[in-house]
Amino acid sequence: MFVLVVLIAILFAFYLFYKTKYFRSNRLVEKKWLAAKSNIALGLFVFLFGVNHLLFISDTALTYLVASLFIIYGAGFSWIGYKKYNHYLPFAIEEAKNFELQK
């Protein structure tokens, strides 16, 4: 249980970190790339939150329902974020190279 709580806290911190970098960035593709990274962190946060509730919180039908919805939603959100991350990564690298050449 302690490991899940630590991972949940770390993932929430990563979400806040990437979302802050997103708002501070001026480059368009980099913003989309950072948004994808924050989506992955948020999805894993929700996923692990659901797993934690499923395994260690009260055993009622409502808890199982909410936890399973969190797990499904978090897994889907992470998967979509991962696909966006892989899509925008080469464009972000190219944008960074062009930005360095313009300096």
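Phe12, Tyr15, Phe45, Phe49 and Phe70 are joined into a cluster by ring pairs. The model is predicted. Searching the whole structure turns up 10 aromatic pairs. Helix packing is the other main topic here: α1 packs with α2, and the axes of α2 and α3 come within 6 Å.

**Confidence**
- The chain has a mean pLDDT of 94.
- Of its residues, 99% reach 70 or more.
- Confidence is highest in α1, at 96.
- Confidence is lowest in α3, at a mean of 94.

**Helices α1 and α2**
- Two packed helices are described by the angle between their axes and the distance between the axes.
- Helix α1 covers residues 2-24.
- Its axis and that of α2 are 8 Å apart, and the packing angle is about 160°.
- An angle over 145 degrees counts as roughly antiparallel, so α1 is roughly antiparallel to α2.
- The crossing of α1 past α2 is left-handed.
- In the contact of α1 with α2, 21 residues are nonpolar, 2 are polar and 4 are charged.

**Helices α2 and α3**
- Helix α2 covers residues 28-56, and helix α3 covers residues 61-102.
- Their axes come within 6 Å and cross at roughly 160°.
- α2 and α3 are therefore roughly antiparallel to each other.
- Here, too, there is a left-handed crossing, with α2 passing α3.
- The contact of α2 with α3 has 25 nonpolar residues, along with 8 polar and 5 charged ones.

**Aromatic rings**
- A pair of aromatic rings is described by the distance of the centres and the angle of the planes.
- Which residues do ring pairs link into a cluster? They are Phe12, Tyr15, Phe45, Phe49 and Phe70.
- Phe12 and Tyr15 fall within the residue range of α1.
- Phe45 and Phe49 fall within the range of α2, and Phe70 within that of α3.

**Lysines over rings**
- Where does Lys31 lie? Lys31 is over the face of Tyr22, at 4.9 Å from the ring centre.
- Lys37 sits over the face of Trp33. The distance from the ring centre is 4.2 Å.
- Tyr22 belongs to the residue range of α1, while Lys31 belongs to that of α2.
- Lys37 and Trp33 both lie in the range of α2.

How values were computed
Residues numbered from 1 in each chain as written. Predicted model: local features only at pLDDT ≥ 70, side-chain atom pairs only at ≥ 80, totals over all residues. Heavy atoms only, no water. Axes fitted to C-alpha atoms, helices over the stretch in contact; angles between N-to-C directions. Helix = DSSP H or I, 4+ residues; strand = E, 2+ residues; numbered from the N terminus. Parallel < 35°, antiparallel > 145°, perpendicular 65-115°, else oblique. Left-handed = near helix turned anticlockwise from the far one by under 90°. Nonpolar A, V, L, I, M, F, W, Y, C, P; charged D, E, K, R; others polar. Phe/Tyr/Trp six-rings, centres within 6.5 Å; stacked < 30°, edge-to-face > 60°. Lys NZ or Arg CZ within 6 Å of the ring centre and 35° of its normal. pLDDT = per-residue confidence, 0-100.
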